[in-house]
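Trainee: Please take me closely through one part of this model, a single sheet, and then place that sheet within its surroundings. I should like the terms to be stated as they arise.

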Amino acid sequence: MIQYEKFTLDNGLKVIVHRDETTPIVAFNLLYDVGARDEDESRTGFAHLFEHLMFGGSVNIPNYDSPLQKVGGENNAFTSNDITNYYITLPKANLETAFWLESDRMLSLAFTEKSLEVQRSVVIEEFKQRYLNQPYGDVWLLLRPLAYTRHPYKWATIGKEIKHIEEATMDDVKSFFFKHYRPNNAVLSVAGDINVEQIKSLAKKWFGDIPAGNHEPRILPKEPKQLQARSLTVERDVPSDAIYMTFHICDRLDPNYYAIDLASDILSRGDSSRLFEALIKEQGLCSNVNAYITGDMDEGLFVISATANDGVSLEQLEAAILKQIELLISEGITELELQKVKNKVESAQAFGNTSVLNKAMGLAIAELIEDASLVNNEMELYQSVTAAQIQAYCKQILIPTNCSTLYYKSTNK
């Protein structure tokens, strides 16, 4: 159980405080409710670009990293289709440095042409290196528009294409910042050997005077139900053929979210999972196989991927995967199987909660999803899932008409 207290500043900033007296390190996590799904389809990649721009300095602090390093702190950030998250760890004696740095760039990010050009170049290079020039790097650039036709999940966080970042103007950048990077669109979570009055004082001092933004409700186009199987075949200079299958699933708040997450574990979590046993150990069809859910806030995807061994066709591999899905739906799962994956989820959660940063991050994300209490209630939601519920939901969604398949073929064959 993670104990916490929370309050909200007058400008709308939500603040969560968790006291952990066992560590001298404090984790400071600032979560913005903005991701790639909030972008215009003709201007994608902006949420990720901003992750980089926020490290380009503010009006009063031209070098973000230097003051933090001087007080023994570390920082990083990540962007997804749903969120942008910034986090700092530092000694508790120097906690105020984190408040100073993060509040200043929320208040007055340095909008300079130099910073924009530098970070634009960094993102473009990342696009090329990680997505275009890396084996299998463009998989999600291909899968997303195959699986989604309307919802903005149809592009990756890096963006649909490089030119959207290349053509980003200063006006575009400022507009995006003042729409999304406001206190009433953020959750601050602080964890460590601290107390709520101390954090309340620091939050008011450093964030209290930052004006709230014009918060507009998020209205996104709903993805229509997929009624027909889709497929795409590409050829690339990669070592082996691979297959990627996606099925549309429920959103993050649906009770079936926990059922389909456990189903993915039954299929591929660990060496005794069904897909690993059947496809790798018994049949020797592939070198790796994974089943997982994307974990999106809106309706996400259940993904199965596998890399074929030499001499194995993608058709053979696909048939073997579909056979395991068919067995899951027709025969269901045993109570022993279900308890085993529930135990793995519980142990992973318990291990994760030994990190003060993981606790701060988890509280912020839970607050954004629904309420911070979700960090403590989530295991109960997993434990309440029944074998019958998993079987029924898999029967509903793991069907050919709900499947989009990418056949990723090697030109080296």
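Mentor: Two strands are taken as paired when DSSP finds at least two bridges between them. Strands (E, at least two residues) and helices (H or I, at least four) are DSSP runs, numbered from the N terminus. The model is a predicted one, in which local features need pLDDT of at least 70 and side-chain atom pairs pLDDT 80 or more, while totals for chains, interfaces and linings use all residues. Residues are numbered from 1 along each chain as its sequence is written, and side-chain values use heavy atoms, with hydrogens and water left out.

The sheet I have chosen is open, with six strands in the order E1-E2-E6-E3-E5-E4 and mixed pairing. E1 and E4 each have a single partner strand and stand at the edges, so one side of each is left without a neighbour in the sheet. From one strand to the next the twist averages 15 degrees, where angles run from 0 to 180 degrees between N-to-C directions and axes are lines fitted to C-alpha atoms, for helices over the stretch in contact.

At the E1 edge, strand E1 (residues 5-8) pairs with strand E2 (residues 14-19) in the antiparallel sense, over four bridges. Within this pair, Lys6 stands opposite Ile16 and Phe7 opposite Val15. In a regular strand, side chains alternate between the two faces of the sheet. Five residues lie between the strands of this hairpin, and Gly12 takes a positive phi near 100 degrees there. On its other pairing, E2 runs parallel to strand E6 (residues 186-192), joined by six bridges. Ile16 recurs here, with Ser189 as its bridge partner in E6.

Helix H13 lies across E1, E2, strand E3 (25-32), E4, strand E5 (84-91) and E6, at about 25 degrees to E3; contact here means heavy atoms within 4.5 Å.

H13 leads on to the pockets. On a 1 Å grid over the protein atoms alone, a pocket is an open set of points with protein on both sides within 12 Å along at least five of seven lines, a cavity is a set where a 1.4 Å probe fits but cannot get out, and lining residues have an atom within 4 Å of a point. Points are joined across faces, edges and corners, and a volume is the space filled by probe spheres set on them. The largest pocket has a volume of about 1500 Å³. It is lined by 50 residues, of which Phe78, Tyr257, Thr294, Gly295 and Ile365 are the closest to its centre. Among the elements that give two or more residues to this lining are strand E4 (74-79) and helix H13 (356-369), and H13 provides the largest share, eight residues. The lining divides into 24 nonpolar, 15 polar and 11 charged residues; Ala, Val, Leu, Ile, Met, Phe, Trp, Tyr, Cys and Pro count as nonpolar, Asp, Glu, Lys and Arg as charged, and the others, Gly among them, as polar.

The second largest pocket has a volume of about 390 Å³. Of its 20 lining residues, Asp38, Lys179, His180, Arg218 and Leu220 are the closest to its centre. Its lining holds six nonpolar, four polar and 10 charged residues.

A second sheet completes the setting. It is open, with five strands in the order E7-E11-E8-E10-E9 and mixed pairing. Strand E8 (residues 242-248) and strand E11 (residues 403-410) run antiparallel, joined by six bridges, and Thr246 has Ser404 as its bridge partner in E11. Helix H5 (residues 139-147) lies across E7, E8, E9, strand E10 (301-308) and E11, at about 150 degrees to E11. Helix H9 (residues 256-268) also packs on this sheet, touching E9 and E10, and its direction makes about 170 degrees with that of E9. H5, H9 and E9 are likewise among the elements that give two or more residues to the lining of the largest pocket.

The loop between H4 and H5 holds Tyr136, a residue other than glycine with a positive phi, near 65 degrees. Most residues other than glycine have a negative phi.
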